Amino acid sequence: MAILRFRIYFEEDDSVYRDVSIRHTQNFLDLHETILKAFEFDSKHAATFYRSNDNWQRGREISLQVYEKAYKAAPLMMSETAIGSEIRDPNQKFIYVYDFAKNWTFLVELINVSKEENPKLTYPAVVRKEGIPPSQYGTKSLLGEKFADVEEKYDLGKDAEGFGTEGDDGDSDDSGTEEMGGEERNDEF
């Protein structure tokens with residue numbers, strides 16, 4: 001049985017990608033669910049694949065369901081279409097679009113075909129992750145929930161300049177001298 005390895009790039013940043021291994025007999029619905037899981041997206045929205053060429057032009061559509069839009073040709077259904085049946089060349093490409101309102105677009109490229117299954121994997125499987133995935137519903141910071149605590153602790157929202165008024169008591173001594181340990185020291189050079 002052939003094992004296909006696809007690299008799925010986030011269209012807006014090709015340094016963010018996931019590698020997925022899947023059996024050639026599994027269908028596009030399996031690949032769709034694996035991509036969402038790999039990029040930490042939910043499965044609440046519409047989705048479709050397009051067969052593509054080397055120039056990332058959209059070809060035949062492989063859809064989650066039939067949507068109310070104009071089709072040049074009736075779409076294939078993800079649940080009924082085996083991935084192996086749509087592989088036309090050794091570097092086959094697909095375009096995956098999720099959530100038509102937000103238009104999340106991923107570039108899916110076949111990078112390897114193997115005849116041997118890995119007995120340690122349950123297919124389809126995410127076998128490599130690179131980069132921080134985009135956040136489906138807004139910004140995601142590395143601090144996550146802790147950012148509010150940091151913002152509150154350091155009053156990041158108060159002053160536009162980022163500097164507080166701490167230590168500004170109006171009694172500044174610009175003479176350049178200060179007293180240290182009982183002796184006077186001159187800091188002017």
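The following dialogue examines how several descriptions of this predicted model are justified.

Biologist: What makes up the secondary structure of the chain, and in what order do the elements run?

Modeller: The chain has 2 helices and 10 strands. From the N terminus on, the order is β-β-α-β-β-β-β-β-β-α-β-β.

Biologist: Why is Ser-52 called buried?

Modeller: The relative accessible area of Ser-52 is 10%. Buried means under 20%, so Ser-52 meets the criterion. Ser-52 belongs to strand β3, residues 47-52.

Biologist: How do you know that the side chain of Ser-52 makes a polar contact with Gln-57?

Modeller: The side chain of Ser-52 reaches the backbone oxygen of Gln-57 at 3.1 Å. The limit for such a pair of N or O atoms is 3.5 Å, and therefore the distance of 3.1 Å qualifies.

Biologist: Which residues beyond four places in sequence are in contact with Ser-52?

Modeller: With neighbours within four places left aside, Ser-52 is in contact with Gln-57, Gln-92, Lys-93, Phe-94 and Ile-95. For the chain as a whole, residues 24 or more positions apart account for 60% of the contacts with a separation of 6 or more.

Biologist: Why is Trp-56 called partly exposed, whereas Asp-99 is called buried?

Modeller: Trp-56 has a relative accessible area of 26%, and the partly exposed class lies between 20% and 50%, so Trp-56 falls in that class. Asp-99 has a value of 7%, which is under 20%, and Asp-99 is therefore buried.

Biologist: What is noted about the backbone of Trp-56 and of Asp-99?

Modeller: Trp-56 has a positive phi of about 60 degrees although it is not a glycine. Asp-99 likewise has a positive phi of about 60 degrees and is not a glycine. Trp-56 is found in the loop between β3 and β4 (58-63), and Asp-99 in the loop between β6 (93-98) and β7.

Biologist: What kind of peptide bond joins Tyr-123 to Pro-124, and where does Pro-124 lie?

Modeller: The peptide bond from Tyr-123 to Pro-124 is cis, with omega near -5 degrees. Pro-124 lies in the loop between β7 (104-114) and β8 (125-130).

Biologist: What makes the contact at the start of helix α1 a polar one?

Modeller: There, a side-chain oxygen of Asn-27 comes to within 3.0 Å of the backbone nitrogen of Leu-29. The cut-off is 3.5 Å, so this pair of O and N atoms satisfies it. Just after α1, Glu-40 takes a positive phi of about 60 degrees.

Biologist: Which residues of α1 are buried?

Modeller: In α1, residues 28-38, the buried residues are Phe-28, Leu-31, His-32, Thr-34, Ile-35, Leu-36 and Ala-38. Across the chain of 189 residues, 33% are buried.

Biologist: How much area does the chain expose, and what share comes from carbon and sulfur atoms?

Modeller: The chain exposes about 12800 Å², of which carbon and sulfur atoms supply 46%.

Biologist: How much space lies in the second largest pocket, and which element gives the most to its lining?

Modeller: The second largest pocket holds about 160 Å³ of space. Strand β4 gives the most to the lining, with 3 residues. Among the lining residues are Tyr-50, Gly-59, Arg-60, Glu-61, Lys-69 and Lys-72.

Biologist: How do the residues of this lining divide by character, and why is Gly-59 counted as polar?

Modeller: The lining of the second largest pocket divides into 6 nonpolar, 1 polar and 4 charged residues. Gly counts as polar under the classification used, and therefore Gly-59 in the lining is placed in the polar group.

Methods. Residues numbered from 1 in each chain as written. Predicted model: local features only at pLDDT ≥ 70, side-chain atom pairs only at ≥ 80, totals over all residues. Heavy atoms only, no water. Helix = DSSP H or I, 4+ residues; strand = E, 2+ residues; numbered from the N terminus. Buried < 20%, exposed > 50% of the residue type's maximum accessible area, 1.4 Å probe, protein only. Polar contact = N/O pair within 3.5 Å; in protein donor to acceptor, adjacent residues only side chain to side chain. Contact = heavy atoms within 4.5 Å. Areas by Shrake-Rupley, 256 points an atom, 1.4 Å probe, with all protein chains shown as cover. 1 Å grid on protein atoms, 1.4 Å probe; cavity = no way out; pocket = protein on both sides within 12 Å on 5 of 7 lines; lining within 4 Å. Points joined across faces, edges and corners; volume = space filled by probe spheres on them.
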